[in-house]
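Student: I would like a close look at one part of this protein, the packing of its helices. Could you take me through it slowly and say how it sits in the whole chain?

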Amino acid sequence: MRTATYFFIFLNLSLAVFEEPAVYPLPFLVTALVEVLCLLVFFGRLTHYAKVTLRDVFWKDTKNICIMVAILLSLTDLAICGVLRMYNMRSIRWSRVVRPIFLINFAESRQIRRAFRSIRNTLPEITYVFLFFMFSLLMFSLMALKLFGERNLQTAEGLPYFRNYLEIVFDLYVLVTTANSPDIMMPAFDFSSWYALFFIAFVIVNTYIFMSLFLAVVYNNYKKHLKVMFGGVNCD
């Protein structure tokens, strides 16, 4: 039962590769039939679990409720999408986001559920670091707007350079990963080499300091919650 459950969970999650927009697109009817088959297996597994569990215990277990709600939402979304396709109308499969629920909430997924619970308990404790990072990003974006926005600079493609605040926020956010370095700073550097100091300061503060701090907080808190969950066992 465990192997079968894992197989159909994996099959259900893999449908994202074949549904529009897809890497390897398959006809809607094929993916819909596979999804219905997976949902029937999940419902059968839930029914089997209900027969070997006390009724009060079964209905008080949040995991079982989550699985039933996920099945109903998936079937509803599938039916709506099928009807709309009959009238040549496009729709968005919003129920895809509930598919990981099956991976987490089945009884066989105890270890995955423990890891997910540790991640969930870690999130509130990293919120402050994330807010500090976002504050730094927004302040640097505002400085960039004041420094470069009024100088009528242009990118190599002839587009306006650092004149829209939201676009600046996005560009500097990408710069945290260094994916657009040094292209993003070249128009300012060509205007004056001193402007390179702004980008150097941004990379030092946000990429090297905040990202390292963020990683350290995530790792330490996740390890702490995992150690508590396993009864003080060393998680290194």
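Tutor: Start with the domains of this predicted model. The domain assignment of the protein chain gives domain 1 as residues 1-108 and domain 2 as residues 118-232. The C-alpha centres of domain 1 and domain 2 are 38 Å apart.

The protein chain has nine helices and zero strands. Along the sequence its pattern reads α-α-α-α-α-α-α-α-α. The radius of gyration of the protein chain is 25 Å, well over the 18 Å that the globule rule gives for 236 residues, so the chain is more spread out than a compact globule. Along the principal axes, its C-alpha trace spans about 75 × 60 × 25 Å.

Now the packing itself, beginning with helix α2 (residues 28-51) and helix α4 (residues 62-86). Their axes come within 11 Å and cross at roughly 160 degrees. Angles over 145 degrees count as roughly antiparallel, and that makes α2 roughly antiparallel to α4. The crossing in which α2 passes α4 is left-handed. Which residues of α2 and α4 meet? From α2 come F28, A32, E35, V36, L39, F42, F43, L46 and Y49. From α4 come N64, I67, M68, I71, S74, L75, L78, C81, G82 and R85. By type, the residues of the contact of α2 with α4 are 14 nonpolar, three polar and two charged.

A second pair to look at is helix α6 (residues 110-148) and helix α7 (residues 165-176). Here the axes are 9 Å apart and the helices pack at an angle of about 120 degrees. The band counted as roughly perpendicular runs from 65 to 115 degrees, and the angle of this pair makes α6 oblique to α7. The crossing of α6 and α7 is right-handed. On the α6 side, the contact is made by F133, L137, L138, F140, S141, L142, A144 and L145. On the α7 side, the residues are Y165, I168, V169, L172, Y173 and V176. The residues of the contact of α6 with α7 divide into 13 nonpolar, one polar and no charged.

To put the two pairs side by side: α2 and α4 cross at roughly 160 degrees, while α6 and α7 pack at about 120 degrees. The crossing of α2 with α4 is left-handed, whereas that of α6 with α7 is right-handed. Two charged residues take part in the contact of α2 with α4, but no charged residue takes part in that of α6 with α7.

How values were computed: Residues numbered from 1 in each chain as written. Predicted model: local features only at pLDDT ≥ 70, side-chain atom pairs only at ≥ 80, totals over all residues. Heavy atoms only, no water. Axes fitted to C-alpha atoms, helices over the stretch in contact; angles between N-to-C directions. Helix = DSSP H or I, 4+ residues; strand = E, 2+ residues; numbered from the N terminus. Parallel < 35°, antiparallel > 145°, perpendicular 65-115°, else oblique. Left-handed = near helix turned anticlockwise from the far one by under 90°. Contact = heavy atoms within 4.5 Å. Nonpolar A, V, L, I, M, F, W, Y, C, P; charged D, E, K, R; others polar. Domains from an automatic or database assignment. Rg over C-alpha atoms; globule rule 2.2 N^0.38 Å.
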